Amino acid sequence: MNPRNSLTLRWRTPRALALFGLMALIVVVAALALTQTSTVAAPPPPLRGPFRFIELPDKAGAAKVSNGVQRVPIYTQTFGTGFYSDSDWNITNTTTLYNPPAPYLWGIVQQNEYATQSFTDTLWVKADAKQGIVYERYKLPSGATYTETMDTWAIYGPLDAQQYAYFQAQFSFYLDTSPGAHFGWAASADGTNFCGQSLSGHIQQWVTATFDLPTCPGQTGRPVYLAFFFQSDDSTPAGLGAFVDNLVISGVPLYKVYLPLVRRDPTPTPSPTPTAEPYPLARSYDFEPGTSTTGDWCSKDTADYTSGIKSVGGSNSYYLKVKQDSWMVMQSPRVDPPGNYRITANFTLLAMDDSLSLANYGGDQFGLIFGVWGGEAFPPEDSSHCSWSQGAGDGGYYQFIIKVKNDGSGYHTRLERHEKQTTQQIITGSDVTISRTAWNTLQLDRKGSGIVIYVNGVQVLSWSDSTKTGAAWWGVFTEATGKNTDGKFQSNWDNIQIYNLGN
């Protein structure tokens, strides 16, 4: 044999074996990688009271969840007798739990109690926490209202954050409280800070709510706890409290989120979004000289309030100026909007005089009245008097409020529904930023039972209420309920337009 060939053979043989061994190692590693291995989920964060509630605008954090990806139901609770044995619920109270007088917690309504209101087998904020009887803390006595100075939480969790990308909760609630008591729902990733929405009032009907569990600002990780809470002040309670039923929590599995990332087929080109058709304009008010629309507004001047048309910021506008002593002035064009409608307007505050300190007008408010029904006409028969008696008789209305914070540092928003001269419902919106030197924008969309409100293009509130839908009277208002004594608190309105949103 040729020595050279023998050397070549001896070299090739080890090299081939090494190459074969390397290939076998790659196959083993790949097989291990493809084999699903179990992972140990990190322990959920502990529940640490007292809990902190952070009010968020409606639909906060909903963009990712509302992207059309199908959700999978992962938990259902109808608050029957099985609720007693559900260890994933934590009922808490930040007051001393068992010392007299016995505090009241979340529990369930016993069978055949409150049958006329369909309260049987529902979560209720009236469970008597009797000392030493843990089982009984979930049961309810009949009758009586909720109590003063409550701060009680019913928290479900932890949710399986290892398997799901997003969570959504759907439930029904019934609320019968005074304005000083607040019921709400919220989510948390850290077990202490909960973010969500709250409301109060005598709604006194079952309402279905959908809540996309948001991540609180500054928190890391996905929300793993869902909470219902009830807080009351030291005022005299009026009503049975808050009831919750038919809870369904659904999630978006991670594989539905990440599957498109490993697709090998070309991603189809999405269809272009059609340009929205402009909505028909039903009525417009610009308050400029020579326009006939100004006849739709009434005006009345006294020592405490004045109203009328004048130039503000280079444009004619309608102004409402009021003085202290809780006097309310409202104006209403004599026209009903369509059944589904949009109202847009420009507004400014204090005649664009930024030298006037907001601290001098803390507590004062202004905004939009809509959905006025029943009671006295709106405006009243005495059309020379432009204030209105707030739904006398069986009347009612919705009121969107922009209120100066008591310290003058900014503005709160809220939505109220009034009936029979009482406040029936309060929905808290987000704080808003308003320019003192330029015009701001306000938009109300009222379609079916939906109410969505934007300030300067930012959604501050979204709610569903079917108490009064369809065409109804509307108007604007300014109210001096705070420190204002100089009579300069003034809102100005311009370019008010009503659109028909169709069916």
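Which strands each supply at least two residues of the lining of the largest cavity? The first legend below answers this for the predicted model.

**View 1. The largest cavity and its lining.** Strand S17 (341-349), strand S25 (473-479) and strand S26 (489-500) each give at least two lining residues. S17 provides the largest share, three residues. The cavity has a volume of about 40 Å³. In this predicted model, one cavity reaches 30 Å³ or more. Its walls are formed by Ile-343, Thr-344, Ala-345, Leu-368, Leu-442, Trp-474, Val-476, Trp-493 and Ile-496. Eight of the lining residues are nonpolar and one is polar. No charged residue takes part in the lining.

**View 2. The largest nonpolar core.** This core has 80 residues. The residues with the most contacts inside the core are Trp-106, Phe-171, Phe-173, Phe-183, Trp-185, Phe-228 and Leu-247. Strand S7 makes the biggest contribution to this core, with six residues. A second core of ten residues is separate from it. Phe-51, Tyr-225, Ala-227 and Phe-229 are among the members of that second core.

**View 3. The surroundings of Phe-228.** Phe-228 is one of the residues with the most contacts inside the largest nonpolar core. The contacts listed here leave aside neighbours within four places in sequence. Aromatic partners of Phe-228 include Trp-89, Trp-106, Trp-153, Phe-171, Phe-183 and Trp-185. Phe-228 also touches Leu-123, Ala-154, Val-244 and Leu-247. Thr-152 and Gly-184 are in contact with Phe-228 as well.

**View 4. The disulfide between Cys-195 and Cys-216.** The structure holds one disulfide. The bond joins Cys-195 to Cys-216, with an S to S distance of 2.1 Å. Cys-195 lies in strand S9 (residues 193-200). Cys-216 sits in the loop between strand S10 (207-212) and strand S11 (225-232). The pair therefore ties together parts that are 21 residues apart in sequence. Is the disulfide right-handed or left-handed? The torsion about the S-S bond is about 135°, so the disulfide is right-handed. Cys-195 is buried, with a relative accessible area of 0%. Cys-216 is also buried, at 2% relative accessibility.

**View 5. The cis peptide bond at Pro-158.** Most peptide bonds are trans. The bond from Gly-157 to Pro-158 is cis. Its omega is near 5°. Pro-158 belongs to the loop between strand S6 (151-156) and strand S7 (164-176).

**View 6. Positive phi at Met-352.** Most residues other than glycine have a negative phi. Met-352 has a positive phi, near 60°. This residue is found in the loop between S17 and strand S18 (365-373). Is Met-352 buried or exposed? Its relative accessible area is 18%, so Met-352 counts as buried, the cut-off being under 20%.

**View 7. Positive phi at Asn-456.** Asn-456 is not a glycine, yet its phi is positive, at about 55°. The loop that holds Asn-456 runs between strand S23 (450-455) and strand S24 (458-464). Asn-456 is partly exposed, with a relative accessible area of 31%.

Methods
Residues numbered from 1 in each chain as written. Predicted model: local features only at pLDDT ≥ 70, side-chain atom pairs only at ≥ 80, totals over all residues. Heavy atoms only, no water. 1 Å grid on protein atoms, 1.4 Å probe; cavity = no way out; pocket = protein on both sides within 12 Å on 5 of 7 lines; lining within 4 Å. Points joined across faces, edges and corners; volume = space filled by probe spheres on them. Helix = DSSP H or I, 4+ residues; strand = E, 2+ residues; numbered from the N terminus. Nonpolar A, V, L, I, M, F, W, Y, C, P; charged D, E, K, R; others polar. Buried < 20%, exposed > 50% of the residue type's maximum accessible area, 1.4 Å probe, protein only. Core = buried A, V, L, I, M, F, W, Y, C linked by side-chain atoms within 4.5 Å. Contact = heavy atoms within 4.5 Å. Disulfide = S-S within 2.5 Å.
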